[in-house]
Amino acid sequence: QVQLVESGGGLVQAGGSLRLSCKASIHTFNAYAAGWFRQPSGKEREFVAALSRSNGVTRYTDSVKGRFTISRDNAENTVYLQMNNLKPEDSAVYYCAAKLVGTLLTSRVYDDSGSYGYWGQGTQVTVSS
């Protein structure tokens, strides 16, 4: 069973930055694709960013392109989401997710929540105007 633990959320002013971390409980995290999703208060969960198992393929939702960067450190079993130039509309609970991926799909990214089998508990990000 894979456990994911997010950290790094908090309160920040508009224009500020935060880096979210998602640490996996396994040492084979390099066999997983990863993603970040968010759920604003009163709204549905939405895709933010995704990263392939290997080769560094990424995908972002349009509203965060150029501001957010997803990355991973397999030695630390951790995925990151660097968020710059934050806006009030970025306020949400942010969730990381992981999907075990076979060796033939190492460059594939997944932007639908249904693809992921493992989820973290979420971390709150609040951006004040």
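Asparagine 55 sits in the loop between S5 and strand S6 (58-60), where strands are DSSP runs of E of at least two residues, numbered from the N terminus. The residue has a positive phi of about 70 degrees, although asparagine 55 is not a glycine. Its relative accessibility is 60%, so asparagine 55 counts as exposed; the cut-offs are over 50% relative accessible area for exposed, under 20% for buried and partly exposed in between, with a 1.4 Å probe and protein chains only. This is a predicted model, in which local features need pLDDT of at least 70 and side-chain atom pairs count only at pLDDT 80 or more, while totals for chains, interfaces and linings use all residues. Residues are numbered from 1 along each chain as its sequence is written, and side-chain values use heavy atoms, with hydrogens and water left out.

A second asparagine has a positive phi: asparagine 77, at about 55 degrees, and asparagine 77 is not a glycine either. Asparagine 77 is placed in the loop between S7 and S8. With a relative accessible area of 6%, asparagine 77 is buried.

The strands on either side of that loop, S7 and S8, run antiparallel and are joined by six bridges; two strands are said to pair if DSSP finds at least two bridges between them. Aspartate 73 stands opposite threonine 78 in S8. S7 and S8 belong to an open sheet of four strands, ordered S1-S3-S8-S7 with antiparallel pairing. Strand S1 (4-7) and S7 are the edge strands, each pairing on one side only. On average, neighbouring strands of this sheet are turned by 15 degrees against each other, direction ignored; the axes are lines fitted to C-alpha atoms, and angles run from 0 to 180 degrees between N-to-C directions.

The next topic is the interior. A nonpolar core is a set of buried Ala, Val, Leu, Ile, Met, Phe, Trp, Tyr and Cys residues joined through side-chain atoms within 4.5 Å. The largest such core has 30 residues, of which Phe29, Trp36, Leu81, Met83 and Tyr94 touch the most other members. Strands that each supply at least two residues of this core include S3 (18-24), S4 (32-39), S5 (46-51), S7 (68-73), S8 (78-83), S9 (92-100) and S11 (123-128). A second, separate core has nine residues, among them Ala33, Ala50, Ala97 and Val109.

Phenylalanine 29, in the larger core, is in contact (heavy atoms within 4.5 Å) with Leu4, Ala24, Ala34, Arg72, Asn74, Asn77, Thr78, Val79 and Ala98, leaving aside neighbours within four places in sequence. Asn77, the buried residue of the S7 to S8 loop, is thus one of the contacts of phenylalanine 29.

Alanine 50, from the second core, is found in strand S5 and counts as buried at 0% relative accessibility. Not counting residues up to four places away in sequence, alanine 50 touches Ala34, Gly35, Val57, Thr58, Arg59, Ile70, Val109, Tyr110 and Tyr116. Alanine 50 and threonine 61 are 11 residues apart in sequence, and their C-alpha atoms are 9.1 Å apart in space.

Charged residues come next. There are five salt bridges in the structure, each a side-chain nitrogen of Lys or Arg within 4 Å of a carboxyl oxygen of Asp or Glu. One of them joins aspartate 111 to arginine 59, with the closest N and O atoms 3.2 Å apart. This pair links distant parts of the chain, 52 residues apart: aspartate 111 is in the loop between S9 and strand S10 (118-119), and arginine 59 is in strand S6. Aspartate 111 counts as partly exposed at 35% relative accessibility, and arginine 59 counts as partly exposed at 35%.

Aspartate 62 and lysine 65 also meet in a salt bridge, at 2.9 Å from N to O; aspartate 62 is exposed, with a relative accessible area of 61%. In the salt bridge between aspartate 90 and arginine 67, the closest N and O atoms are 2.7 Å apart. Aspartate 90 lies in the loop between S8 and S9 and arginine 67 in the loop between S6 and S7, so the pair ties together parts that are 23 residues apart in sequence. Both aspartate 90 and arginine 67 are buried. Salt bridges link Arg38, Glu46, Arg67 and Asp90 in a network.

Arginine 53 lies in the loop between S5 and S6. Arginine 53 is buried yet has no salt bridge, and the nearest side chain of opposite charge, aspartate 73, is 15 Å away; Lys and Arg count as positive and Asp and Glu as negative, with His and the chain ends not counted.
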